Amino acid sequence: NGGVECTGDAEETQQCNLKVIVKFLTVMMKHGYIDEFEVVDDHRAGKIVVMLNGRLNKCGVISPRFDVCVSDIEKWTTNLLPSRQFGKLVLTTSSGIMDHEEARRKHTGGKILGFFY
């Protein structure tokens with residue numbers, strides 16, 4: 001299971017948020033919007049160093065994480081992305097964190113994490 005499951009204290013929640021961010025960045029990297037990233041463990045909050053390649057125009061988080069069923073993905077992409085040609089929504093689903101096209105292919109909905117283009 002590629003999902004991220006979190007419970008417990010503040011430190012564990014922080015680790016959990018880091019996992020979600022890393023998966024979000026992995027989706028961005030897979031589509032060529034960023035080059036690479038490195039998690040710097042400073043034994044406190046933890047930092048992530050991202051190597052940009054100039055392709056990323058905007059990246060945003062959707063809070064609260066609204067439920068998105070497969071039939072609503074199109075509506076969300078129209079509202080959040082500038083065009084059909086580029087940009088991705090990132091969803092957290094029962095099959096893990098993925099972009100909206102993969103979720104549509106797998107015919108699965110989930111909660112919306114954010115978007116980038």
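Let's start with a single residue, E74, which is partly exposed, at 30% relative accessibility. This is a predicted model, and here the side chain of E74 meets the side chain of R104 in a salt bridge, 3.3 Å from N to O. E74 sits in helix 2 and R104 in helix 3 (residues 100–105), so this pair ties together parts that are 30 residues apart in sequence. R104 also counts as partly exposed, at 34% relative accessibility.

Stay with helix 3 for a moment. E101 lies in helix 3 and K88 in strand 5, and the two link distant parts of the chain, 13 residues apart. Their side chains meet in a salt bridge of 2.8 Å, N to O. So is K88 buried or exposed? K88 counts as buried, because its relative accessibility is 11% and the cut-off for buried is under 20%. E101, with a relative accessible area of 32%, is partly exposed.

How many salt bridges does the structure hold? There are six. Another one joins the side chains of K111 and D67, at 2.6 Å from N to O. K111 is in strand 7 and D67 in strand 4 (residues 67–68), so they tie together parts that are 44 residues apart in sequence. D67 counts as exposed at 56% relative accessibility, while K111 is partly exposed at 35%. You can also look for K30, E102 and K106, which are linked in a network of salt bridges.

Now for the inside. In soluble globular proteins, nonpolar side chains tend to be buried together. Here the largest nonpolar core has 13 residues, and the members touching the most others are W76, L80, L89, I112 and F115. Helix 2 (73–80), strand 5 (88–93) and strand 7 (110–116) each give two or more residues to this core, and helix 2 gives the most, with three. Try picking out L80: leaving aside residues up to four places away in sequence, L80 touches I62, L89, I112, F115 and Y117. Apart from this core lies another one, made of eleven residues, including M28, I34, I97 and F116.

Some nonpolar residues sit on the surface instead. V40, V49 and M51 form a nonpolar patch there, with about 220 Å² of accessible area together. V40 belongs to strand 1 (residues 34–40) and is partly exposed, with a relative accessible area of 32%.

Last, the cysteines. C59 is partly exposed, with a relative accessible area of 42%, and C69 is partly exposed too, at 40%. A search of the whole structure finds zero disulfides.

Key
Residues are numbered from 1 along each chain as its sequence is written. This is a predicted model: local features need pLDDT of at least 70, side-chain atom pairs count only at pLDDT 80 or more; totals for chains, interfaces and linings use all residues. Side-chain values use heavy atoms; hydrogens and water are left out. A nonpolar core is a set of buried Ala, Val, Leu, Ile, Met, Phe, Trp, Tyr and Cys residues joined through side-chain atoms within 4.5 Å. Buried means under 20% relative accessible area, exposed over 50%, partly exposed in between (1.4 Å probe, protein chains only). Helices (H or I, at least four residues) and strands (E, at least two) are DSSP runs, numbered from the N terminus. Contact means heavy atoms within 4.5 Å. Patches are made of residues with over 30% relative accessible area and no salt bridge: like charges are joined within 9 Å, nonpolar side chains (Val, Leu, Ile, Met, Phe, Trp, Tyr) within 5 Å. Accessible areas come from the Shrake-Rupley method with a 1.4 Å probe; for residues, only the protein chains shown count as cover. A salt bridge is a side-chain nitrogen of Lys or Arg within 4 Å of a carboxyl oxygen of Asp or Glu. A disulfide is a pair of cysteine sulfur atoms within 2.5 Å.
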